Amino acid sequence: MPASPRLCSDALSLSGEGELQQQLYLCLRQQLLGGHWPAGALLPSERQLAGDLLLSRTTVQQALQQLVAEGYLEAQHGRGYQIVDALPDQYFTPEPVHALTGAALPVQPYGLKPKGPDFSGRLQPGQADVRQFPFRVWQQLLQRHGNRPALCGMADPLGYQPLRQALVQYLRQSRQLVCDEDTILITAGAQQALFIAAKLAARSNEQVLMESPGYPRLKQALQLAELNTRHIAANTASGLDPACLPTAGTARALFLTPSHQYPCGGIMPLAKRLELLSWAKHQQCWLVEDDYDSEFQYRHRPIASLQGLAQGEGVLFVGSFSKTLFPALRLGYLVAPKAQTHTASALLQALQGDVALVSQAVLADFMAEGHFQRHLRKMRRHYHQQKQLASTLLTAHFPDARLLAQDAGLHLTLLLPGLRDDIALCSQLNQHGFKVQPFSRYCFLDEAERGLVIGIADANEVQLLHLIRLLKHYRAP
């Protein structure tokens with residue numbers, strides 16, 4: 001058998017960019033892949049490479065060992081490094097004739113639209129005024145928990161126990177919930193909690209009910225869950241009217257916002273809540289109570305929750321901290337009967353696994369030490385002033401319009417007579433930095449009225465007057 005030829009290093013030159021080991025590795029690899037050196041040949045010795053290229057033996061050894069590890073070379077005892085017969089990169093060379101393209105593979109859109117590039121702006125509904133948030137306190141708590149090894153591992157399937165305990169105390173006092181720490185599931189925001197509630201209550205293609213006007217992202221969650229969604233009118237002064245609900249049917253769940261109908265602002269009185277609970281019991285239908293902003297009621301204390309009135313049975317209660325604290329926190333919760341929390345936590349694990357622990361620990365202390373309640377009291381006064389200012393200005397400049405949702409929450413709904421295309425109007429306003437939303441986006445029963453849903457959290461007189469001037473300009477004949 002003829003001896004393998006020994007190569008020389010004359011053709012090698014380093015690029016001069018990056019670490020010496022990486023330069024030599026790339027130089028040798030290029031020679032191998034370019035076919036300049038035949039298979040089976042022996043590379044120059046380590047000593048020769050080091051001397052010719054003015055490198056240390058260690059640098060040469062590291063580069064050669066990397067090529068051995070990647071399958072380009074074989075280390076021959078007493079002989080050096082030999083080029084393998086089949087280089088590994090040839091197995092990864094694509095065949096253009098048979099390559100698949102993305103267009104050839106179908107995807108399932110589910111009727112969903114992605115968030116647009118202009119995802120935030122002034123007077124945006126649902127946005128908290130984060131300028132008022134006590135970031136110094138939050139940072140101190142974050143430093144307390146940021147280096148705890150216990151928060152870097154696996155979590156309780158229901159969420160961080162001290163946070164659930166703090167929530168029990170808060171929800172019992174503020175919303176009269178019937179709950180304990182084993183009936184609360186911490187989620188990555190209210191949207192995830194709504195999706196889990198949908199999967200708990202119904203299987204694919206089963207019917208569920210939701211309000212119209214209503215929350216567009218809830219509709220998306222129900223679409224993603226592949227449920228048959230029927231819409232129920234909810235635009236009265238008290239929101240959804242239980243008398244309008246079907247008395248016969250197969251609906252598995254009704255999703256609603258009784259504390260502050262979104263976005264029209266109706267607040268369901270106690271008598272109608274009791275009527276609704278009676279209907280749900282008779283129909284054997286889950287109620288999913290989206291309590292998205294009950295903390296911000298300005299005329300009176302929030303009415304007792306459906307969940308509390310039902311003694312914790314037959315109602316799935318959803319809440320979040322996006323409006324009370326800040327949206328990027330991405331923490332929410334689902335309160336469910338104890339018999340359902342095991343399934344709810346299994347759904348959460350299937351969706352994303354554990355919810356981040358550090359933010360849960362920080363929030364638990366933020367609530368336990370009283371910072372949360374102090375912040376709520378401050379923001380309730382602040383948002384009430386913001387809403388009064390916005391209501392006064394909008395009513396004065398648009399006396400013929402209907403102004404809804406004045407008694408609670410972080411938004412106002414302005415219905416403008418004669419307006420035909422509120423989507424185009426919002427697109428024009430968006431060009432000036434305003435992220436108000438078209439009322440038609442929330443309508444699923446072909447409601448005729450058109451207008452704007454306006455966030456008031458960051459409102460000031462200058463911004464509001466600017467918006468009013470633009471509205472008058474774009475509405476002018």
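This passage walks through the overall build of a predicted protein model, then one strand residue, and then its salt bridges.

Starting with the big picture, the protein chain carries 14 helices and 13 strands. Its C-alpha trace stretches over about 100 × 60 × 50 Å along the principal axes. The radius of gyration is 32 Å, whereas a compact globule of 477 residues would come out near 23 Å. Half the story is inside: 50% of the 477 residues count as buried. Contacts also reach a long way along the sequence, since among those with a separation of 6 or more, 72% are between residues 24 or more positions apart.

As for the outside, the accessible surface of the protein chain adds up to about 23,600 Å², and carbon and sulfur atoms hold 52% of that. Charged side chains come as 43 positive and 39 negative ones, with the centres of the two sets 8 Å apart.

Zooming in, Q207 sits in strand β4, which covers residues 207-212. Q207 has 19% relative accessibility, so it counts as buried, the cut-off being under 20%. Leaving aside residues up to four places away in sequence, Q207 touches N228, R230, T250, A251, R252 and A253.

Now for the salt bridges, of which the whole structure has eleven. One of them pairs D365 with R144, with 2.8 Å between the closest N and O atoms. Because D365 belongs to helix α11 (residues 357-368) and R144 to helix α4 (residues 135-145), this pair ties together parts that are 221 residues apart in sequence. D365 is buried at a relative accessible area of 18%, while R144 is partly exposed at 42% relative accessibility.

Another salt bridge joins K338 and D180, and here the closest N and O atoms are 3.0 Å apart. K338 lies in helix α10 (residues 338-351) and D180 in the loop between α5 (161-175) and β3 (184-187), so parts 158 residues apart in sequence are tied together. K338 counts as partly exposed at 48% relative accessibility, and D180 is partly exposed too, with a relative accessible area of 24%.

E449 and R402 also meet through their side chains, in a salt bridge of 2.9 Å from N to O. This pair links distant parts of the chain, 47 residues apart: E449 is in the loop between β12 (437-438) and β13 (451-455), and R402 is in strand β10 (residues 402-404). E449 is partly exposed, with a relative accessible area of 34%, and R402 is partly exposed at 40%. Finally, R144, D365 and E369 form one network, joined by salt bridges that share partners.

Note on methods:
Residues numbered from 1 in each chain as written. Predicted model: local features only at pLDDT ≥ 70, side-chain atom pairs only at ≥ 80, totals over all residues. Heavy atoms only, no water. Helix = DSSP H or I, 4+ residues; strand = E, 2+ residues; numbered from the N terminus. Rg over C-alpha atoms; globule rule 2.2 N^0.38 Å. Buried < 20%, exposed > 50% of the residue type's maximum accessible area, 1.4 Å probe, protein only. Contact = heavy atoms within 4.5 Å. Areas by Shrake-Rupley, 256 points an atom, 1.4 Å probe, with all protein chains shown as cover. Lys, Arg positive; Asp, Glu negative; His and termini not counted. Charge placed at Lys NZ, Arg CZ, Asp CG, Glu CD. Salt bridge = Lys/Arg side-chain N within 4 Å of Asp/Glu carboxyl O.
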